[in-house]
Amino acid sequence: MLRFDDRVAIITGAGHGLGRSHALLLAERGAKVVVNDLGGALDGTGASTGPAAEVAELITKNGGQAIASTDNVATPEGARAIVKSAVDAFGKVDIVINNAGILRDKSLGKMTVEDFDNVLAVHVRGSFLVSQAAYPHMKEAGYGRVVNTSSPAGLFGNFGQANYSTAKMGLVGLTKTIGIEGARNGIKANAIAPIAWTRMTEALLPAEFEAKFTPERISALVAYLVHESCEVSGEVFSVGGGRVARVFVAEGPGWKTDDLTPETIADHWDEVMAEQPYVQSATESMQRML
Ligand code: NAI
């Protein structure tokens, strides 16, 4: 069994849904958990101490160790306070699971700047700020695990989610860069793109999904990715309904010429669009250009 004894985990947005399930699983397996949740509505408005406190109490009642935090991940002070809670209560931070999220769905023409900025603030800025605040502690320990929560909507696009999909693809870049920068200090970062039945999706998914697409089926992968035995970093995994699959960003072999004009590009469009053999890093891509 993969256990987390003596590990300290921060889980943001852990008052409901996926984060709650991650918190319960890690605590059950020995982790000391900071259950962070602002406790607002799905669109990010309002706040309540209830959800974080309830999950922390449930963990304690079950014999685990947890504290509640109601700080906002989207502000530098909030992110610093979350990490400080972990260090004050448990002495360190080994694991950060950036899971807090909100929705403000609207089609492109109707989306306000506020809808766009607020969604990016929670998902992207929040994940950046909490990871950054935890980073010095992980660096000093020479150990860390970060999981960011992306989405199929970000990887593949989705109607009515210009803000959310931008944020969720942004998290792929953040994950890969933390993975690269953290490598020399034993810090690994990966992202998940989940599908699960939560308050965020219950109005969108067919009713028969509830039993199959459980949050627990997402937490199993998250626990694997934040365990010390996990060797991958900078990866993205699609997960839901009991299936896990690697998602990768790749570049096709491309077409190269000394005579690149709009017309020669049009003439060689099939080669431009070809997928195999693909390239998977910026370095490899540069080598092909050279
Ligand atoms: P949820 O609404 O149940 O959980 C999100 C939690 O984040 C809430 O408890 C909320 O209070 C908290 N939160 C929101 N803003 C916060 C802030 N500024 N600071 C601290 N906490 C804050 O929804 P769910 O489904 O559990 O979502 C978890 C994550 O998974 C989100 O990032 C979501 O975008 C992502 N996701 C979920 C999918 C699904 O199928 N449920 C699909 C793809 C991604």
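These questions and answers walk through a predicted model.

Q: Which helix supplies the largest share of the shell around the ligand?
A: In this predicted model, two helices, α1 (17-28) and α4 (113-141), each supply at least two residues of the shell. The largest share is three residues. That share comes from α1.

Q: Which residues come nearest to the ligand?
A: The ligand has 33 residues around it. By class, 13 are nonpolar, 18 polar and two charged. Those that come nearest are Gly13, His16, Gly17, Gly101 and Thr198.

Q: How many residues of α1 are buried?
A: A residue is buried if 20 or more other C-beta atoms lie within 10 Å of its own. Among those that pass in α1 are Gly17, Arg20 and Leu26. The helix is mostly covered, and of its twelve residues the buried ones number eleven.

Q: How far apart are the end C-alpha atoms of α1?
A: The helix has twelve residues. At 1.5 Å a residue, α1 should span 16 Å. The model agrees with this, as the end C-alpha atoms are apart by 17 Å.

Q: Which strands stand at the edges of the sheet?
A: Eight strands form an open, mixed sheet in the order β3-β2-β1-β4-β5-β6-β7-β8. Each edge strand has a single partner, so one side of it is left without a neighbour in the sheet. The edge strands are β3 (65-69) and β8 (243-247).

Q: What is the bridge partner of Gly144 in β6?
A: Strands β5 (residues 144-149) and β6 (residues 187-194) run parallel. Six bridges join them. In β6, Gly144 is partnered by Ile187.

Terms used. Residues numbered from 1 in each chain as written. Predicted model: local features only at pLDDT ≥ 70, side-chain atom pairs only at ≥ 80, totals over all residues. Near = placed C-beta within 6 Å. Helix = DSSP H or I, 4+ residues; strand = E, 2+ residues; numbered from the N terminus. Nonpolar A, V, L, I, M, F, W, Y, C, P; charged D, E, K, R; others polar. Expected span 1.5 Å × (residues − 1). Pairing = 2+ DSSP bridges.
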